[in-house]
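Reader: I am new to protein structures and would like to learn how to read one. Could you take me through an example, step by step?

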Amino acid sequence: MQANKLFRDPVHGYISIPIDFCVSFLDNKIFQRLRRIEQTSMRVLYPSAHHDRFSHSLGVFYLGQTAFKYLKENSPCLSSKSTLLEKSFQIACLLHDCAHSPFSHTFEKYYILNRNEEIKTRLINNISDKNFKDDFSSSLPSPHEIVSAIVAVENFRDKIAENGGDVNLIARMITGCLFSDSSKGVENCLISLLNGSAIDVDKLDYIIRDTWASGVNNVKIDEQRLLSSLLIRKDKDGVFKVFFKKHALNVIHNVVEGRNFLYEWVYSHHKVEYEQYLITSALSQLSKNKSENDDFLKELFSIDVLYENKKFGDFNFYLPSDGDIIYFLKNNVNEIPEIQELLSRDYLNKALWKTKAEYNHYLFEIDDVGRKKIYQRSFNKLKKILENRGIEGNPVVKEIKTKLITIKKDEIFIDIDGDEVSYTNLFPEKEDNISRFYFIPYIPKEAFRIKKEIIRELRKLK
Amino acid sequence: MCYEIDSEIVLANFLRSKENCSFVDLINLKRSIESSIYNVYVDVTKNSVFTSVENHPKMFSWANEKIIKSKNSETYFEPHFIDDYFNNDIEDKIKEKVLSIINK
């Protein structure tokens with residue numbers, strides 16, 4: 001009987017993790033670093049949203065463990081080779097974000113900036129699966145997924161083997177790299193259950209956890225009902241696919257609604273977007289002041305600082321976390337105005353409009369092309385208006401990319417009494433011809449007394 | 001200074017003269033652009049590509065894991081539209097080089 005440790009999680013209740021996993025993967029400086037990496041950028045908006053990548057990783061492990069339990073019950077194809085797959089899936093769930101950069105997605109691009117090929121080669125050279133290189137060349141992982149896979153194969157290789165996992169498969173699960181080999185259909189199903197496009201255990205955890213941590217009134221997701229409906233079986237063409245049983249239809253609907261709610265109203269909130277602008281421009285400015293060619297950022301967001309201490313001028317980079325970034329910024333508060341603004345949250349600028357609905361109201365009867373022209377010309381125009389009126393400050397104009405999803409044709413399949421039915425046949429895709437382009441101008445507070453006049457001037461730019 | 005280029009810009013320009021765009025096409029374009037211009041990050045992650053297609057339903061659709069032009073989208077792929085709508089978002093310093101690589 002395997003001994004387990006129980007973790008109390010406010011979202012899922014008790015999460016039971018084998019002690020061997022705790023010793024091998026959790027009690028480790030790289031994994032513990034995740035306690036100091038914020039889960040999302042919405043902390044600025046919701047005071048209690050202090051959850052981190054550590055609790056999210058445990059949550060994804062729990063959902064992955066639960067999903068596999070039900071998959072085994074529902075899928076005869078999993079019985080013969082399930083131990084290796086189960087261990088690999090669980091370890092991949094645990095390690096899927098192990099190298100997430102400080103402030104999560106805000107800075108992850110710096111992991112691969114100017115060294116994308118070098119980083120990809122580093123991963124490929126660590127994988128013994130001969131088809132990996134070709135398969136990887138047609139997958140689209142995020143920078144943090146590539147780096148997390150590298151850390152998994154470099155730092156946890158022996159531990160993965162000791163715990164009965166397949167290191168090559170785990171790298172594929174973390175990066176979403178599917179097998180082209182048709183005999184690996186079951187493995188591909190598991191890859192998509194961790195790193196898919198519509199519904200996977202990663203998304204499921206962050207939707208539920210971010211909703212809980214923010215306290216927003218989002219739809220409720222019955223994850224037990226959803227996961228208990230999972231099965232893997234061959235489709236009519238003999239290809240293994242993930243199916244949901246019909247009793248989960250309402251939960252699938254809620255997952256899509258819940259995710260889109262968060263993207264529309266929380267992650268893309270005008271304050272969240274402005275804070276992102278401040279921290280990104282402050283750190284870029286700091287890098288420019290301290291190094292040539294952004295070497296500061298290149299070193300700070302390198303894989304090797306996860307393993308050992310690196311000196312960069314007066315700085316020490318080691319297991320970088322959110323707190324380190326804030327510390328670096330605080331030390332340079334007098335050099336970069338955005339840092340003061342960021343630390344005080346006494347923002348110099350306010351959003352001219354706060355939501356997509358308001359934007360549609362103010363730019364009514366202007367088509368997409370006209371709106372785009374206004375976006376492209378608004379910075380210079382706003383600068384001019386402020387100068388003419390003697391108002392101090394600099395405007396900021398941000399495009400807001402709201403990552404909404406709809407279920408695509410043949411993306412999710414439902415098992416109705418043994419029949420294979422595409423989700424979009426049951427719930428046809430809505431005729432959606434609306435462009436989702438949207439931007440927010442931020443102007444100094446003082447300029448708000450002429451808000452209507454500014455909007456009139458912007459409308460003329462179409 | 002990091003210049004970020006979104007996948008929608010790559011897709012729009014590439015599909016101007018092609019029938020479809022695969023993930024491999026996007027990855028190759030990313031590689032070519034990034035290796036030619038320092039400090040450029042081309043976002044062709046899954047998240048970005050899916051968002052680009054979702055956000056421009058009049059222009060882009062999915063067909064067999066590839067991105068194709070949507071039905072009746074001809075006007076959106078005319079050069080002046082692509083230039084005005086997408087290419088004006090590219091920093092002037094790098095615009096010419098980026099476009100010459102995509103349109104090669």
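Author: Let us go through the two chains, a pair of helices and the contact between the chains. Keep in mind that this is a predicted model.

Reader: Let me begin with the basics. How many helices and strands does chain A have?

Author: A good start is to list the elements of secondary structure. In chain A there are 21 helices and 11 strands.

Reader: What does the radius of gyration say about chain A?

Author: The idea is to set the value beside what a rule gives for a globule. For the 462 residues of chain A the globule rule gives 23 Å, and the chain has 24 Å, so chain A is as compact as a globular protein of that length. Along the principal axes, its C-alpha atoms fill a box of roughly 75 × 55 × 40 Å. Buried residues account for 43% of the chain.

Reader: And what of chain B: which pattern does it follow along the sequence?

Author: Such a pattern is read from one end of the sequence to the other. Chain B runs β-α-β-α-β-α-β-β-α-α, with five helices and five strands in total. Its radius of gyration is 13 Å, which agrees with the value near 13 Å for a compact globule of 104 residues. The box filled by its C-alpha atoms is roughly 35 × 25 × 25 Å, and 39% of its residues are buried.

Reader: Now a pair of helices. At what angle do the axes of H19(A) and H21(A) cross?

Author: For a helix pair, look at the distance, the angle and then the residues that meet. Helix H19 (residues 368-388) and helix H21 (residues 451-459) of chain A have axes that come within 9 Å and cross at roughly 135 degrees. Because angles over 145 degrees count as roughly antiparallel and 65 to 115 as roughly perpendicular, H19(A) is oblique to H21(A). Their crossing is right-handed. From H19(A), A:Ile374, A:Ser378, A:Lys381 and A:Ile385 meet A:Ile454, A:Glu457 and A:Leu458 of H21(A). By class, this contact has four nonpolar, one polar and two charged residues.

Reader: How many residues does each chain give to the contact between chain B and chain A?

Author: Here one counts each side separately. Chain A gives 30 residues and chain B gives 27. On the side of chain B, helix H2 (23-36), helix H3 (46-55) and helix H4 (79-85) each give two or more residues. The largest share, seven residues, comes from H3(B). By class, the side of chain B that touches chain A has 13 nonpolar, seven polar and seven charged residues.

Terms used: Residues numbered from 1 in each chain as written. Chains lettered and ligands numbered in written order. Predicted model: local features only at pLDDT ≥ 70, side-chain atom pairs only at ≥ 80, totals over all residues. Helix = DSSP H or I, 4+ residues; strand = E, 2+ residues; numbered from the N terminus. Rg over C-alpha atoms; globule rule 2.2 N^0.38 Å. Buried ≥ 20, exposed ≤ 12 C-beta atoms within 10 Å, placed from the backbone. Axes fitted to C-alpha atoms, helices over the stretch in contact; angles between N-to-C directions. Parallel < 35°, antiparallel > 145°, perpendicular 65-115°, else oblique. Left-handed = near helix turned anticlockwise from the far one by under 90°. Contact = placed C-beta atoms within 7 Å. Nonpolar A, V, L, I, M, F, W, Y, C, P; charged D, E, K, R; others polar.
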